[in-house]
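The following exercises concern the surface, the strand pairing and the cysteines of one chain. Each task is followed by a solution in steps.

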Amino acid sequence: MSEAEKPSGAAEPGPSEPEGGLSRRDFLNEAALGALGIAGLGAAIVTYRYLSPNVLFEPATAFRAGSPDLFPVDSVTYIQEQQVYIVRLKEGFYAVSAVCTHLGCITQWKPEAEMIACPCHGSKFKSDGTKIEGPAPRALPHFAITLTADGELRVDKLEVVQANQVLRA
Ligand code: FES
């Protein structure tokens, strides 16, 4: 068909406006909006993370160990979740850290040898935390131990006390 034979009222689509679809301009506009949306979302996430407090939740440093009756006289009880030994003598109670003073390994009570032993480098301690041998530079610390109003033992690992302090209960 020659140019002269085309109907005069029919509009032909231009090279950038395909018939029935997106024009090139509309496509680029939508792509730009999509890219801006993704960039905005990323910026919002980064800003939120920057502004939200960077808090580290740690376990409580004070804990209840239960009724004194739970601990027989002349016993050493390891409280695993607190890494503390509760020692009961005839005179009363004390709480000793189970964390080795050498490099921080968790010690173990050896009832057959009646001592606390560190599995890492061989330090040994008496049940009152006194160092017997090994590379540990000092004794295991004692923590404050008190009775609550309702009669339970309470240990505060933030309060280190003298080794001769005993709770009479
Ligand atoms: S960590 Fe206990 S002896 Fe080294």
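**Exercise 1. Surface patch**

Which residues form a nonpolar patch on the surface, and what is their accessible area together?

Solution. The model is a predicted one, in which local features need pLDDT of at least 70, side-chain atom pairs count only at pLDDT 80 or more, and totals for chains, interfaces and linings use all residues. Residues are numbered from 1 along each chain as its sequence is written, and side-chain values use heavy atoms, with hydrogens and water left out.

Step 1. Patches are made of residues with over 30% relative accessible area and no salt bridge, with like charges joined within 9 Å and nonpolar side chains (Val, Leu, Ile, Met, Phe, Trp, Tyr) within 5 Å. A salt bridge is a side-chain nitrogen of Lys or Arg within 4 Å of a carboxyl oxygen of Asp or Glu.

Step 2. The patch consists of Leu-22, Phe-27 and Leu-28, and together they have about 310 Å² of accessible area (Shrake-Rupley method, 1.4 Å probe, only the protein chains shown counting as cover for residues).

Step 3. Leu-28 belongs to helix α1, residues 24-51. Helices (H or I, at least four residues) and strands (E, at least two) are DSSP runs, numbered from the N terminus.

**Exercise 2. Strand pairing**

State the order of the open sheet of four strands, then describe the pairing of β10.

Solution. Step 1. The chain has one helix and ten strands, and its elements run α-β-β-β-β-β-β-β-β-β-β from the N terminus on.

Step 2. The open sheet has the order β5-β6-β7-β8 and antiparallel pairing (two strands pair if DSSP finds at least two bridges between them). Its edge strands, β5 (108-110) and β8 (131-133), each pair on one side only.

Step 3. Within this sheet, β6 (residues 115-117) and β7 (residues 124-125) are joined by two bridges; Ala-117 has Lys-124 in β7 as its bridge partner.

Step 4. Strand β10 (residues 153-161) pairs in the antiparallel sense with β1 (residues 62-66) over four bridges, and with β9 (residues 142-147) over six bridges, also antiparallel. The bridge partners in β10 are Val-155 for Phe-63 and Asp-156 for Ala-144.

Step 5. Five residues lie between the strands in the hairpin of β9 and β10, where Gly-151 takes a positive phi near 85°.

**Exercise 3. The disulfide**

Which cysteines form a disulfide, and why is the disulfide left-handed?

Solution. Step 1. The structure holds one disulfide (a pair of cysteine sulfur atoms within 2.5 Å). Cys-105 and Cys-120 form the disulfide, with sulfur atoms 1.9 Å apart.

Step 2. The disulfide of Cys-105 and Cys-120 is left-handed because the torsion about its S-S bond is about -95°.

Step 3. Cys-105 is in the loop between β4 and β5 and Cys-120 in the loop between β6 and β7, so the pair ties together parts that are 15 residues apart in sequence.

**Exercise 4. Accessibility around the cysteines**

Classify Cys-100, Cys-118, Cys-120 and Gly-104 as buried, partly exposed or exposed.

Solution. Step 1. Buried means under 20% relative accessible area, exposed over 50%, and partly exposed in between (1.4 Å probe, protein chains only).

Step 2. Cys-100 counts as buried at 5% relative accessibility, and Cys-118 counts as buried at 6%.

Step 3. Cys-120 is partly exposed, its relative accessible area being 36%. Gly-104, in the loop between β4 (93-97) and β5, is partly exposed with a relative accessible area of 36%.

Step 4. Gly-104 and Cys-118 are 14 residues apart in sequence, and their C-alpha atoms are 9.4 Å apart in space.
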